[in-house]
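User: I should like to examine the reasoning behind several structural assignments. Please begin once the model is displayed.

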Amino acid sequence: MILKCIFCAALLGAMIIPAKHALHMFQQNRYETGRYSSWIKENIKENIPDNVIPLAVVILLFILSLFHLPAVLFIIGMIILMVYHFAMEKAKTYIKPLVLTGRVKRQIAAGLLVTFIVMVVVMTFVGDTLNYGILSLIALVGPWLFIYPVAWLTTPVEKAVQQHFINDAKRILKDYKGLIKVGITGSYGKTTTKNIMQAMLSEQFNSLMTPASFNTPMGITRTIREMLKPIHQVFVCEMGADHVGDITELMEFVHPSIGVVTSIGPQHLNTFGSQENIIREKMEMIERLPSDGLGILNYDNEFIRNYKVNNNVKTVTYGIDHEGVDYRAEDIVYTQHGSSFTIVCEEGKFPMETKLLGKLNILNILSAVACARHLGVQWNVITRACRSMKQVEHRLELKTINGIRFIDDAFNANPSGSAMALDVLSMMPGKRVIVTPGMIDLGKEQDAINRHFGELMKDKADVVVLVGAVQTKPIYEGLASSGFDMHNVVVMNTEKEAFAYLWQNCTKEDTVLLENDLPDAFNH
């Protein structure tokens, strides 16, 4: 009995690091078992080299268990596994480590319960030393498989906890009768638009926006419960969606009177299933606005432009390339210090200057201007806000690191945004360098989109640094087919290696574009 207890303790020790990795990937896949399963299928072969030693150890232990050998051998085997896992973990660095939230803590508790039940069942119903062999196999694969019963056990609890807080947030919103609520959605550009909207509206109103990327029901709930006060006049709410029904749920939650659709594209095709589903879902924001509200639409986006709105709500349009919109930007000039342009609308022509870079940011400014004018903000206030608004972190943000000029566009690159980022890079002086791991979550179109991304780099970048040989292969192929000088293409395994290359090969005269920053689950 003592040896069995020691073996079980060693078994738990051997499972700690794999369990941590499994929870980490489950968290980065948004606690969705479907996404988690897809991740396992896509990454199982790649992770085999790191698991050769554990695999060899557990197979050997299982074979030995058939020969009724002493329990101490299996204890030693589990200790070897534990030491190996901890040594490998010490050498690892993470882009975004596991966040030990209340939800994760509850999953750990459920995981321990599942593990305990499995251990008891195997020890009780499998005789002799074979139970040691079976448990040794479980030490290797159990942490990854136990996510499924853990999710099953904790999901009802999580839903109950979330619904309690959401109901409380709904009550708070209902109490604030005069609050102007602005909803913002789109395949990309939501967070930047939200920040620009907040900068402009806060010049005249006491305005609150959802922070960071708080665009889910729980993120919005936290904002309302922890930050919204009676003094606030405007609530600018970013609304994210990667499943059919998400925008409907958020619109019924917040009930904004003003809605902005920034863009529609192939983002989250894996979970939406089709481009048609994405179009319908994003445009639900306009369809569910009250009749006395306002819909603000980016008519440079063909999916938005070609959509027929069935709601009789008033809509205004904006754009750069598409003529005939209510708010249009002309005479755009980019410099190392920002952008200048002229807004053309029914009221006249209004010159603007901003520290922000890129066509996408100018489009986002136009949407904020449309909202501001609807709420009565004067043009001199809009001009002042445009000139003083700060760059949005990781979204075409100009910065200097170690004396080198960077355009930081690291947040969640998308096809439209990455093309615009290349346009900005092409206008910069000195050697132009792009560092990218490519784009993800684009379904079956992902390879084709990344290949096209590589093709677009010709004549806009002088040096390309690709991070991760596997996911950047389509970009490499696109570069080669475009006639790019492949001597100036460098493939690195990690971001750390990529930055080491930059420090050695770039000067203060050069410009480096950082395009996208993948979480650990997708970085390979």
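Analyst: This is a predicted model. Thr-317 has a relative accessibility of 8% and counts as buried.

User: Why is Thr-317 called buried?

Analyst: Buried means under 20% relative accessible area. Thr-317 stands at 8%, and therefore counts as buried. The residue is found in strand β6, residues 314–319.

User: Which residues are in contact with Thr-317, leaving aside its neighbours within four places in sequence?

Analyst: The contacts of Thr-317 are Leu-297, Tyr-299, Gly-324, Val-325, Asp-326 and Tyr-327. A contact here requires heavy atoms within 4.5 Å.

User: What is the order of the strands in the open sheet?

Analyst: The sheet has 9 strands in the order β2-β3-β1-β4-β5-β6-β7-β8-β9, with mixed pairing. β2 (207–209) and β9 (348–354) are at the edges because each has a single partner strand, which leaves one side of each without a neighbour in the sheet. On average, neighbouring strands of this sheet are turned by 20° against each other, direction ignored.

User: What makes β2 and β3 a pair?

Analyst: Two strands pair if DSSP finds at least two bridges between them. β2 and β3 have 3 bridges, in the parallel sense, so the criterion of at least two is met. Leu-208 stands opposite Phe-235 in β3.

User: How do you know that β1 pairs with β3 and with β4?

Analyst: The requirement is again at least two bridges. β1 and β3 (residues 234–238) pair in the parallel sense over 5 bridges, and Ile-184 has Glu-238 of β3 as its bridge partner. β1 and β4 (residues 258–261) pair over 4 bridges, also in the parallel sense; here Val-182 stands opposite Ile-258.

User: What makes strand β1 mostly covered?

Analyst: In β1 (residues 180–185), 5 of the 6 residues are buried.

User: How do you know that the span of α4 is close to the expected one?

Analyst: Helix α4 (residues 71–90) has 20 residues, for which 28 Å is expected at 1.5 Å a residue. From its first C-alpha to its last the helix reaches 29 Å, close to that value.

User: Which residues of α4 are buried, and what covers them?

Analyst: The buried residues of α4 are Ala-71, Phe-74, Ile-75, Gly-77, Met-78, Leu-81, Tyr-84, His-85 and Glu-89. Their cover includes α1 (2–28), α3 (52–65) and α6 (130–145). In an α-helix there are 3.6 residues a turn, so residues three or four places apart point the same way.

Methods: Residues numbered from 1 in each chain as written. Predicted model: local features only at pLDDT ≥ 70, side-chain atom pairs only at ≥ 80, totals over all residues. Heavy atoms only, no water. Buried < 20%, exposed > 50% of the residue type's maximum accessible area, 1.4 Å probe, protein only. Helix = DSSP H or I, 4+ residues; strand = E, 2+ residues; numbered from the N terminus. Expected span 1.5 Å × (residues − 1). Axes fitted to C-alpha atoms, helices over the stretch in contact; angles between N-to-C directions.
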